[in-house]
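Please walk through this model with the sequence and coordinates open. The route goes from the overall sheet to individual side chains.

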Amino acid sequence: FFISSFFTSFDITDDVVMAIKQGKSSELVKFFDEKLSVKILNQEDLLSKTQAEANLKYFFEKHVVKNFTVQHTSNINANTQFVTGSLETSNGKFRVSILLRRNLISQFRIENDNE
């Protein structure tokens, strides 16, 4: 059981990464928890799935995705995974942080990348 749930989280991570690479909030929302903490640039709030999808859709319309690469993945425990990545868009680079609990995104952050 542990091994199957361990590999399942990586499958979900791959799907989340693909949705970000494609700039598809409609695909990303499939992995959202019912309520999640979302920070996009300077706006941070606890949002419903629908609100989070609308905010991400707006971001992806303004910042067309060129590329997304995972920089670090850590399994905090059997149910929790933290992923960070670099998002390259038509308007610059951003740092993305994702917290997955029980294979659902409970925190999603897009912040300016101050390299």
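What follows starts with the sheet, moves along its strand pairs and ends with two glutamates.

This is a predicted model. Its open sheet has six strands, in the order β2-β1-β6-β5-β4-β3, and the pairing is mixed. The edges are β2 (43-48) and β3 (65-77). Each has a single partner strand, so one side of each lacks a neighbour in the sheet. On average, neighbouring strands are turned by 15° against each other, with direction ignored.

Next comes the parallel part. Strand β1 (residues 32-40) pairs with β6 in the parallel sense, over five bridges. Two residue pairs help to fix the register. Ser37 stands opposite Gln107 in β6. Lys39 stands opposite Arg109, also in β6. Helix α3 (residues 49-62) packs on the sheet. The helix touches β1, β2, β3, β4 (80-89), β5 (92-101) and β6. The direction of α3 makes about 40° with that of β1.

Now take the antiparallel pairs. β3 and β4 pair in this sense over ten bridges, and they form a hairpin with two residues between them. Asn67 stands opposite Glu88 in β4. On to the pair β4 and β5: this one is antiparallel over ten bridges and is again a hairpin, with two residues between the strands. Here the bridge partner of Glu88 is Lys93 in β5. Glu88 therefore links to Asn67 and to Lys93, while eight of the ten residues of β4 are buried, so this strand is largely enclosed by the rest of the structure.

The pair β5 and β6 is antiparallel over eight bridges. These two strands form a hairpin too, with two residues between them. Arg102 sits in the turn and has a positive phi of about 50°. Farther along the pair, Arg95 stands opposite Glu111 in β6.

Glu111 deserves a closer look. This residue lies in strand β6 (residues 104-112). Is Glu111 buried or exposed? Glu111 has a relative accessible area of 14%. The cut-off for buried is under 20%, so Glu111 counts as buried. Which residues does Glu111 touch, not counting those up to four places away in sequence? They are Lys39, Phe94, Arg95 and Ser97. The side chain of Glu111 also makes polar contacts. One goes to the side chain of Lys39, at 3.4 Å. Another, of 3.4 Å, joins the side chains of Glu111 and Arg109.

Arg109 leads on to the second glutamate. Glu44 lies in strand β2, which is one of the edge strands. At 45% relative accessibility, Glu44 counts as partly exposed. A polar contact of 3.0 Å joins the side chains of Glu44 and Arg109. Leaving aside neighbours within four places in sequence, Glu44 is in contact with Ser37, Val38, Lys39 and Arg109. The C-alpha atoms of Glu44 and Ile110 are separated by 9.9 Å, although the two residues are 66 apart along the chain.

Put the side chains together. Arg109 has a polar contact with Glu111 and one with Glu44. Lys39 has a polar contact with Glu111 and is in contact with Glu44. Lys39 and Arg109 themselves stand opposite each other, on the parallel pair of β1 and β6.

How values were computed
Residues numbered from 1 in each chain as written. Predicted model: local features only at pLDDT ≥ 70, side-chain atom pairs only at ≥ 80, totals over all residues. Heavy atoms only, no water. Helix = DSSP H or I, 4+ residues; strand = E, 2+ residues; numbered from the N terminus. Buried < 20%, exposed > 50% of the residue type's maximum accessible area, 1.4 Å probe, protein only. Polar contact = N/O pair within 3.5 Å; in protein donor to acceptor, adjacent residues only side chain to side chain. Contact = heavy atoms within 4.5 Å. Pairing = 2+ DSSP bridges. Axes fitted to C-alpha atoms, helices over the stretch in contact; angles between N-to-C directions.
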